Amino acid sequence: DARLTTTNDNYHMIRSRFHADFWYQDKVRLFAEFIDARTFGQALSPQPTDVNYTDMLNLFADVKVATVKDAPVYIRFGRQELLYGSQRLISTLDWVNTRRTFQGVKGFWRTPTFDLDAFWVRPMVTQKDSFDNWDEKQEFFGLWGTYRPMKGQLADFYFLSLDDNRNRAIGSNNISGNSITNTIGSRIAGDYN
């Protein structure tokens, strides 16, 4: 890691994670996961995704609200990781030391052949020396469905929307402004025959 400098920066990273997962029947779930991400021997200042001292990665509650077609419907409140499809659009960024997490609410329904998620969340801002807080200027919401007609085959269908009110430079003239990005798509994955 030289980051466009003449400094040769070889260092070590460590990430410790511990979790507790409590269920009451299949009606209520409480999940907490701690993270401590550090670097050792780094000559350059750490990247924001390198370090997060003693923080909560996940802290959420699932509550069963219904049963539809013999499959449970849950609502999840709190800090949570999101990963969908091939993880090119929404993922935990497992290759960075701190991982990506969100805070908000998600409803989900799981059946043997179909999954449906609807969520409204805000991304968490990693603060290495204090507890992370959500970014009040970004809202991310979406609807993601996965259909599995047979073993080894699936189709994802999704609508995603990011409302970014951080007044960032956009466009070729670097004019400051806010943006709303909507994405509609699908993905088919599996083996033929």
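Begin by selecting Phe-22, Tyr-24, Val-28, Leu-30, Val-63, Val-65 and Phe-77, which in this predicted model form a nonpolar patch on the surface, with about 660 Å² of accessible area together. Colour next the elements that each give two or more residues to this nonpolar patch, namely strand 1 (12–24), strand 2 (28–40) and strand 3 (52–68).

Within the patch, stop at Leu-30, which you will find in strand 2. Is Leu-30 buried, exposed or partly exposed? With a relative accessibility of 45%, Leu-30 counts as partly exposed, because that class lies between the limit of 20% for buried residues and the limit of 50% for exposed ones.

Now zoom out and show the whole chain as a cartoon. Its secondary structure comes to ten strands and zero helices, so that, with strands defined as DSSP runs, a walk from the N terminus reads β-β-β-β-β-β-β-β-β-β. If you reduce the display to the C-alpha trace, the chain spans about 60 × 45 × 40 Å along its principal axes. Of the contacts between residues at least 6 apart in sequence, 48% join residues that are at least 24 apart.

Switch to a surface view for the next stop. The chain exposes about 12,000 Å², and carbon and sulfur atoms supply 56% of that area, while buried residues make up 35% of the 193 residues in the chain. Selecting the charged side chains brings up 23 positive and 23 negative ones, and the centres of these two sets lie 3 Å apart.

The last two stops concern the backbone. Most residues other than glycine have a negative phi, and the two residues below can be viewed with that in mind.

Select Lys-69, in the loop between strand 3 and strand 4 (71–80). Although Lys-69 is not a glycine, it has a positive phi of about 50 degrees. Lys-69 has a relative accessible area of 72%, and it is therefore exposed, the cut-off for that class being over 50%.

Then move along to Leu-93, which lies in the loop between strand 4 and strand 5 (102–110). What is phi of Leu-93 near? The value is near 55 degrees, which is positive in a residue other than glycine. Leu-93 has a relative accessibility of 18% and so counts as buried, since the cut-off for buried is under 20%.

To finish, show both loop residues side by side: Lys-69 is exposed, whereas Leu-93 is buried.

How values were computed
Residues are numbered from 1 along each chain as its sequence is written. This is a predicted model: local features need pLDDT of at least 70, side-chain atom pairs count only at pLDDT 80 or more; totals for chains, interfaces and linings use all residues. Side-chain values use heavy atoms; hydrogens and water are left out. Patches are made of residues with over 30% relative accessible area and no salt bridge: like charges are joined within 9 Å, nonpolar side chains (Val, Leu, Ile, Met, Phe, Trp, Tyr) within 5 Å. Accessible areas come from the Shrake-Rupley method with a 1.4 Å probe; for residues, only the protein chains shown count as cover. A salt bridge is a side-chain nitrogen of Lys or Arg within 4 Å of a carboxyl oxygen of Asp or Glu. Helices (H or I, at least four residues) and strands (E, at least two) are DSSP runs, numbered from the N terminus. Buried means under 20% relative accessible area, exposed over 50%, partly exposed in between (1.4 Å probe, protein chains only). Contact means heavy atoms within 4.5 Å. Lys and Arg count as positive and Asp and Glu as negative; His and the chain ends are not counted. The place of a charge is taken as NZ of Lys, CZ of Arg, CG of Asp or CD of Glu.
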